[in-house]
Amino acid sequence: MLPSTLEHYQKQITIMLESERYGEAIETLSFLLSCEGQNEQKRQEWKTLLEWLRVAFPGGAEDAYGNEAALAGEEVESEAQALQRRTREKQQQDPGYTFELVNRVIQEPFTERGQIALEQLAYLEDAETDLRLIQWLESGELHPLLQYRALQTLKRRGTTGTILLPRKGISLELDIEQTPLTPGDFPPAVDEVLERVSDQTDHESPSMFYFARELWMQFMMASYGTNDYIVLIRGEESELDAWAAALHIQAAQSLGGGVNEEQIREAYGITGELRFRCERAEKALYAFTQGSLLR
């Protein structure tokens, strides 16, 4: 692919992402990755971005186009609405369907079937299912993202009260009804970290911030209720700077290519005692990326 063509597509992808035309972005990235002759670093960047878009829109480009239509005010049944309708129809046809879904979640938590079943349970109401899900969550340590998604399901079901989640030898005591359901439900400090990264990445690779944002929100879900999370949401400026620098470094490393860590830390004013906080944050984010997404 000629440099001029490469530059054209890079600009187009940037425009698509900025205007939230995620369906087109998915199709364009898929096309580019099917072509030969790209710079390997650029190819890896596109591959990583496409993977994150597929996490956000499991149904692919069709899912993303449906989301765009909904935002435009068009009468389109969303993926969630379709899943809710199908789930309730099956439950009406088979009284044992809810029990089957719970078993699937418990027995196949890391499969696509298990994760879809967890989503389906949000649309069915009965106290026994609440008790079984809570017992499952409290009985042994599960992947942090799986714990969080199960918490979201419980909240959507209208479950209230506290739950004890096993996590690295301790128990996190959490109020189910306080669980954030969307990125906007998190405390302001979570978004303030992203604002700092956005300010520093405007001049870098166009996909850098979008990747950093997805990584950060996944990390926030996985760390919800932990000491890292509690300290962060207090909103102390130096703590936010440390996490922003760490997120920038981890995103840059994940996208590949040379990363000047010291230059990044300097851009966020990481000096003196802040150096220790930043390194601690870097270690936490790095550990998370080693096994972040549920397969």
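**Charged residues and their surroundings**

Biologist: At what relative accessibility does Asp-191 count as partly exposed?

Modeller: This is a predicted model, in which local features need pLDDT of at least 70, side-chain atom pairs count only at pLDDT 80 or more, and totals for chains, interfaces and linings use all residues. Residues are numbered from 1 along each chain as its sequence is written, and side-chain values use heavy atoms, leaving out hydrogens and water. Buried means under 20% relative accessible area, exposed over 50%, and partly exposed in between (1.4 Å probe, protein chains only). Asp-191 counts as partly exposed because its relative accessibility is 42%.

Biologist: Which helix supplies the largest share of the negative patch?

Modeller: The negative surface patch consists of Glu-18, Asp-191, Glu-195, Asp-199 and Asp-202 (over 30% relative accessible area and no salt bridge; like charges joined within 9 Å, nonpolar side chains within 5 Å). Asp-191 is found in helix α10, and Glu-195 lies there too (helices, H or I, have at least four residues and strands, E, at least two, as DSSP runs). With three residues, the largest share of the patch comes from residues 188-201, helix α10.

Biologist: What distance separates the C-alpha atoms of Glu-195 and Phe-209?

Modeller: Glu-195 is partly exposed, because its relative accessible area is 45%. Glu-195 and Phe-209 are 14 residues apart along the chain, and their C-alpha atoms are separated by 9.7 Å.

Biologist: Which residue in the loop between β1 and β2 has a positive phi although it is not a glycine?

Modeller: The protein has 15 helices and two strands. The loop in question runs between β1 (162-167) and β2 (170-175), and Lys-168 has its place there. Its relative accessible area is 74%, so Lys-168 is exposed. The positive phi, about 50°, belongs to Lys-168.

Biologist: Which helix holds Asp-241, the salt-bridge partner of Arg-196?

Modeller: The side chains of Asp-241 and Arg-196 meet at 2.7 Å, N to O, in a salt bridge (a side-chain nitrogen of Lys or Arg within 4 Å of a carboxyl oxygen of Asp or Glu). The pair ties together parts that are 45 residues apart in sequence, because Arg-196 lies in helix α10 and Asp-241 in residues 237-255, helix α13.

Biologist: Are Asp-241 and Arg-196 buried or exposed?

Modeller: In the protein, buried residues make up 47% of the 295 residues. Asp-241 and Arg-196 are both buried.

Biologist: Which residue in helix α15 forms a salt bridge with Glu-236?

Modeller: The N to O distance of this bridge, between Glu-236 and Arg-277, is 3.1 Å. The pair links distant parts of the chain, 41 residues apart, with Glu-236 in the loop between α12 (227-232) and α13 and Arg-277 in helix α15 (residues 274-289). Glu-236 counts as partly exposed because its relative accessibility is 41%. At 22%, partly exposed likewise describes the residue asked for, Arg-277.

Biologist: Which residues are joined into one network by salt bridges that share partners?

Modeller: The structure holds 15 salt bridges. Through shared partners, one network joins Glu-261, Glu-262, Arg-265, Arg-275, Glu-279 and Glu-282.

Biologist: At what N to O distance do the side chains of Glu-108 and Arg-113 meet in a salt bridge?

Modeller: Glu-108 counts as partly exposed because its relative accessibility is 24%. Arg-113 is also partly exposed, at 46%. Their side chains meet in a salt bridge, with an N to O distance of 3.2 Å.

Key: Accessible areas come from the Shrake-Rupley method with a 1.4 Å probe; for residues, only the protein chains shown count as cover. Lys and Arg count as positive and Asp and Glu as negative; His and the chain ends are not counted. The place of a charge is taken as NZ of Lys, CZ of Arg, CG of Asp or CD of Glu.
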